[in-house]
Amino acid sequence: MNNIQERIALFIDGANLYATAKSLGFDIDYRKMLKEYHSRGYLVRAFYYTALVEDQEYSSIRPLIDWLDYNGYAVVTKPTKEFVDSTGRRKVKGNMDIELAIDAMELADHISHMILFSGDGDFRSLVEAMQRKGVRVSVVSTVSTQPPMVADELRRQADEFVDLVTLQSKIGRDPSERAVRNQSGPNYPAGAGAPRQPAQQGFAGQTPGFMAAGAGNQGDEE
């Protein structure tokens, strides 16, 4: 039975979730995701984190970010950093762990359930800190791949581990929509579940009262 009084916040490590879903052979429907977690309690906020390559003329992730911005997600981005490794190879780095951790700690007093979409073991300490504040933490990733996409230490620390494959029927996109997306041009975001449209009123478009005064951007996939 769902607890309608439970105050939920989603924290989505965009690149990690994309890689996990891809390894399982399906795309995320982000509209269905909001609907699913709204049905489980009061959805306070849904954060989506991703790094962006700023000097690209076109980024495949930009349409998705724009769609999320218009449809109830709080998107947090920062530019990637380029560096040259010891072998002289040019590499790109984009880590959103700090941003996610800060947002989670700031929201801890206003939620009862944190749902973390990531398998990154670096979040183990954050999960422990949230638990000390009385927040229940669920980690969503998968052990259905070889190797598993979730770090063992993160899985052990979580109050609940949810294998993403068990959510496919609830938040996965219908494979038939791929054809529609391909016919809709570049403004149709992969994984969004529907063409872009203005923000919706209701739970996904509202800013909780305690965050209204200082609300930041509303709103990864590579």
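**Exercise 1. Which residues of helix α1 (residues 14–24) are buried?**

Before starting, note that this is a predicted model, in which local features need pLDDT of at least 70 and side-chain atom pairs count only at pLDDT 80 or more, while totals for chains, interfaces and linings use all residues. Residues are numbered from 1 along each chain as its sequence is written, and side-chain values use heavy atoms, with hydrogens and water left out.

*Solution.* Helices are DSSP runs of H or I with at least four residues, strands are runs of E with at least two, and both are numbered from the N terminus. Buried means under 20% relative accessible area, with exposed over 50% and partly exposed in between (1.4 Å probe, protein chains only). By this criterion Gly14, Asn16, Leu17, Thr20, Ala21 and Leu24 are buried in α1. Viewed down the axis of α1, the buried residues fall within an arc of 165°, so they line one face of the helix; the arc is that of the directions from the helix axis to the C-beta atoms. The cover over these residues includes β1, α2, β2, β6 and β7 (136–141). After α1 comes glycine 25, with a positive phi near 85°.

**Exercise 2. Determine the strand order of the sheet and place helices α3 and α4 against it.**

*Solution.* Two strands pair if DSSP finds at least two bridges between them. On that basis 6 strands form an open sheet in the order β3-β2-β1-β6-β7-β8, with parallel pairing. The edge strands, each pairing on one side only, are β3 (74–79) and β8 (160–163), and the twist averages 20° from one strand to the next. Strand β2 (residues 42–52) pairs with β3 over 6 bridges, and tyrosine 49 stands opposite valine 76 in β3.

For the helices, axes are lines fitted to C-alpha atoms, for helices over the stretch in contact (heavy atoms within 4.5 Å), and angles run from 0 to 180 degrees between N-to-C directions. Helix α3 (residues 62–70) lies across β2 and β3 and runs at about 155° to β2, whereas helix α4 (residues 97–107) lies across β1 (7–13), β2, β3 and β6 (113–117), at about 165° to β2.

**Exercise 3. Describe the surroundings of methionine 33 in helix α2.**

*Solution.* Methionine 33 belongs to helix α2 (residues 30–38), and because its relative accessibility is 0%, methionine 33 counts as buried. Leaving aside neighbours within four places in sequence, methionine 33 contacts Leu10, Ile12, Leu17, Ile28, Tyr73, Phe117 and Ile171. The C-alpha atoms of methionine 33 and leucine 10 are 9.8 Å apart, with the two residues 23 residues apart along the chain.
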